[in-house]
Amino acid sequence: MAAAEVRTGPLDFEAWVTEKADALLRFAYVLTGDASLAEDAVQDALTTACARWGRVSRADDPEAYVKRMVVNAHISWWRRFRRRETPVDDPVRTARAVSDGTTARAEADAIWDLCATLPDKQRAAVVLRFYEELSYAEIAQLLHCAEATARSHVHRALAALKTTLSTEGAEDA
């Protein structure tokens, strides 16, 4: 059986999840910035996908369809979190220790720590733009906003990151 063979029957949900679960968790982690929130978002998305698997498996790109569900699950969490009567602080995000001492890992951790300071929608827009390499139109669709708003989220996030880096650079000098 060739790897590029066209599928002839419906995808098996369990087999699909086995193949895609790690990638979905990585995507959700980058989107949410928190391992438990990522697991919750993926679990919610997969629960919904299982119930609708007939439709999902017939989509042109089932993985993109489920990633959209992950984004929607996270947005739903934002809404529930923001509606609480008692304000709750954002989860504490601590800097990760450099496990093997490599510069690349330290830089990746530093970049993630900077991204974790962004507001949720800005971080989601940056993740979708630069990690998932989606167009602004696709980001707008996933975040349920206008394309101009998606562009604005990315622009403001990059401006905030630039300001933070400039400020930190000045303090180090």
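Running from the N terminus, the elements of this protein read α-α-α-α-α-α-α-α, which is to say that there are 8 helices and 0 strands. I should say at once that what we have here is a predicted model, and everything that follows should be heard with that in mind.

Let me stay with the whole chain for a moment. The protein has 173 residues, of which 36% count as buried, and it exposes about 11000 Å², with carbon and sulfur atoms supplying 52% of that area. If we take the contacts between residues at least 6 apart in sequence, 60% of them join residues that are at least 24 apart.

Now to the aromatic rings, where I would like to spend most of my time. A pair of aromatic rings is described by two quantities, the distance of the centres and the angle of the planes. The count for this protein comes to 2 aromatic pairs. In one of them, the ring centres of F13 and W53 lie 5.1 Å apart and the planes stand at 70°, and because an angle over 60 degrees counts as edge-to-face, that is the class given to F13 and W53. This pair links distant parts of the chain, since F13 belongs to helix 1, residues 13–32, while W53 belongs to helix 3, residues 53–57, with the two positions 40 residues apart in sequence.

Are these two residues buried or exposed? F13 has a relative accessibility of 17% and therefore counts as buried, and W53, with a relative accessible area of 10%, is buried as well.

W53 also takes part in a pair with W16, and here the geometry is tilted, at 5.3 Å centre to centre and 50° between the planes. W16 lies in helix 1 and W53 in helix 3, so this pair ties together parts that are 37 residues apart in sequence. W16 itself has 6% relative accessibility and so counts as buried. Taken together, the ring pairs link F13, W16 and W53 into a cluster.

Which rings, finally, have a charged end sitting over them? One is the ring of F27, where the charged end of K67 sits 5.3 Å from the ring centre. Another is the ring of Y136, over which the charged end of R129 is placed, at 4.3 Å from the centre.

To close, the picture I would leave you with is a predicted model with 8 helices, in which F13, W16 and W53 form a cluster through their ring pairs.

Key. Residues are numbered from 1 along each chain as its sequence is written. This is a predicted model: local features need pLDDT of at least 70, side-chain atom pairs count only at pLDDT 80 or more; totals for chains, interfaces and linings use all residues. Side-chain values use heavy atoms; hydrogens and water are left out. Helices (H or I, at least four residues) and strands (E, at least two) are DSSP runs, numbered from the N terminus. Buried means under 20% relative accessible area, exposed over 50%, partly exposed in between (1.4 Å probe, protein chains only). Contact means heavy atoms within 4.5 Å. Accessible areas come from the Shrake-Rupley method with a 1.4 Å probe; for residues, only the protein chains shown count as cover. Rings of Phe, Tyr and Trp (its six-membered ring) pair if their centres lie within 6.5 Å; planes under 30 degrees apart count as stacked, over 60 as edge-to-face and the rest as tilted. A charge sits over a ring if NZ of Lys or CZ of Arg is within 6 Å of the ring centre and within 35 degrees of the ring normal.
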